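Dear colleague,

Please find below the structure that I am handing over to you. My findings follow directly after it.

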Number of protein chains: 2
Amino acid sequence: MNSFTEENYLKAIFKLSKHKEEVSTNAVADELNTKASSVTDMIKKLADKKLVNYAPYKGVNLTDAGRKIAVSVIRKHRLWEVFLVDKLKFKWDEVHDLAEELEHINSEELTERLEEFLEFPKYDPHGDPIPDKNGNIDRHKEQTLADLSINETGIIVGVKDHSKSYLNYLDNVGLVLGAEVQILGVVEFDNSMSISINKQGKTIISNQASKNLYIKKPN
Amino acid sequence: MNSFTEENYLKAIFKLSKHKEEVSTNAVADELNTKASSVTDMIKKLADKKLVNYAPYKGVNLTDAGRKIAVSVIRKHRLWEVFLVDKLKFKWDEVHDLAEELEHINSEELTERLEEFLEFPKYDPHGDPIPDKNGNIDRHKEQTLADLSINETGIIVGVKDHSKSYLNYLDNVGLVLGAEVQILGVVEFDNSMSISINKQGKTIISNQASKNLYIKKPN
DNA sequence: TAATATTTTTAGACTTATCTAAATTTATTT
DNA sequence: AAATAAATTTAGATAAGTCTAAAAATATTA
């Protein structure tokens, strides 16, 4: 059995591994709001358990065993988010902290029954793919709204930034999952965009906002 | 904020308070499968937080603040049990350990939405009353099957023993919540009973089994 | 490449919850 | 009421996870 803390470290390392092969001590410390010295200690412990590969001063990465645990935690997190939003009617900006606790309840039986109860969702309320019970994840296509050019159209399929403030803002302007966005214009100076949402009106959004929205181009 | 451990101690003291006004250190140690010395330490900590009244060598009991926390944990435990049985189709003998983890997730919002989702159940799958959000509990009528005499009839409304083996046994003989039991005979020697269940057949049950079944007499 | 800056690790301390063993208090017997 | 037994508390250790400050390693810059 692994503690909540160990699971959180594995999850953080998994997340950071997307950007870099070797994850630095400081990166983990930042991600978990802790100190580098604490990270070193925990990494050694995880290395003893063969959950990470670790060479002092060189960074860490997950072993297959470590990755398996990380993915299973993410799977639970995302399933619980679906439960909270679909069944308990929470909003997408309210569920992260609760899922952060629920994800550590380790029962395969519970996870599978929950998944079935939710009718095998493929994505969580933020559009992130839910790993299946074997640990396979539908890799996110990394196209964002900021990548589109004038007159192009995209369907919102996910968000990169999960902060309350961002999600709340998106709700307010109507940029929710499934919305169809068309680029009306781009300001060269700061890359802010003028867009229409579901063929309606004209909204101005910053580059910061547009590059955190995952989209899919229509077929 | 209180730790999982503190909540478990409060819950244990609450449970034991039903039988005795002052709860002994050893009783708590037994209930939580820990040592008396550990209990003494934790009780002092809870006393510092004004969650229990404690006089060395004299036992503990809960303050109003402590009782409030204990009841809220029990409320969450029982609501989650309903969720696990009604929605996820677990059996009543499978849910205790999971509810034991879920009960420590502290979010009033979550608890109230869960309660609403479950349509405000009054009892958990073992027939135990679910405290309302103000901490009021429907006190259990303490009548058991063992209290009935020949030819009397009772409806099963709860179980006192929550062990897997007992619940499993009850399932096997058909002694589930709502079943109507009539006493056909009592053996004076060991107080074992011969009963009919839902007016069907004849089953022999031990005194140990009958005194752990709460019943309600028909009106 | 030498000097400086940054990152990472080590050393030692602290907190929470636990334990064993010994000491103390309360309860029970004779 | 004294002696013994049982229950409870204290003292000192241990393990997990964290921290600060100092030391060591690596990276950067002039």
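By class, the protein surface near DNA strand D consists of 10 polar, seven nonpolar and four charged residues. Please note that the model is a predicted one. In total, 21 residues surround DNA strand D, and the closest are Ser3(A), Thr34(A) and Lys45(A) from chain A, with Lys44(B) and Tyr54(B) from chain B. Of the atoms of DNA strand D that come within 4 Å of the protein, 76% belong to sugar and phosphate.

Three contacts to phosphate oxygens of DNA strand D may be of interest to you. A backbone N or O atom of Tyr57(B) lies 2.8 Å from one such oxygen. For Thr40(B), a polar side-chain atom is 2.9 Å from a phosphate oxygen of the strand. In chain A, a polar backbone atom of Lys35(A) is 3.1 Å from a phosphate oxygen.

The elements giving two or more residues to this surface are helix H1 (4-17) and helix H3 (36-48) in chain A, along with helix H2 (25-31) and helix H3 (36-48) in chain B. H3(A) gives the most, with five residues.

As to the arrangement of the two protein chains, a turn of 180° with a shift of 0.0 Å along the axis lays chain B on chain A with an RMSD of 0.0 Å. The two copies are therefore related as by a two-fold rotation axis. Within chain B, the C-alpha of Leu102(B) is the nearest to that axis, at 3.8 Å. Both copies use the same surface, as 100% of the contact residues of chain B recur in chain A.

Yours faithfully

Definitions and conventions: Residues are numbered from 1 along each chain as its sequence is written. Chains are lettered from A and ligands numbered from 1 in the order in which they are written. This is a predicted model: local features need pLDDT of at least 70, side-chain atom pairs count only at pLDDT 80 or more; totals for chains, interfaces and linings use all residues. Side-chain values use heavy atoms; hydrogens and water are left out. Copies are superposed by least squares on the C-alpha atoms of residues with pLDDT of at least 70 in both. Contact means heavy atoms within 4.5 Å. A residue is near a molecule or strand if one of its heavy atoms lies within 4 Å of it. A polar contact is a pair of N or O atoms within 3.5 Å; within protein, one must be able to donate a hydrogen and the other to accept it, and residues adjacent in sequence count only if both atoms are side-chain atoms. Helices (H or I, at least four residues) and strands (E, at least two) are DSSP runs, numbered from the N terminus. Ala, Val, Leu, Ile, Met, Phe, Trp, Tyr, Cys and Pro count as nonpolar, Asp, Glu, Lys and Arg as charged, and the others, Gly among them, as polar.
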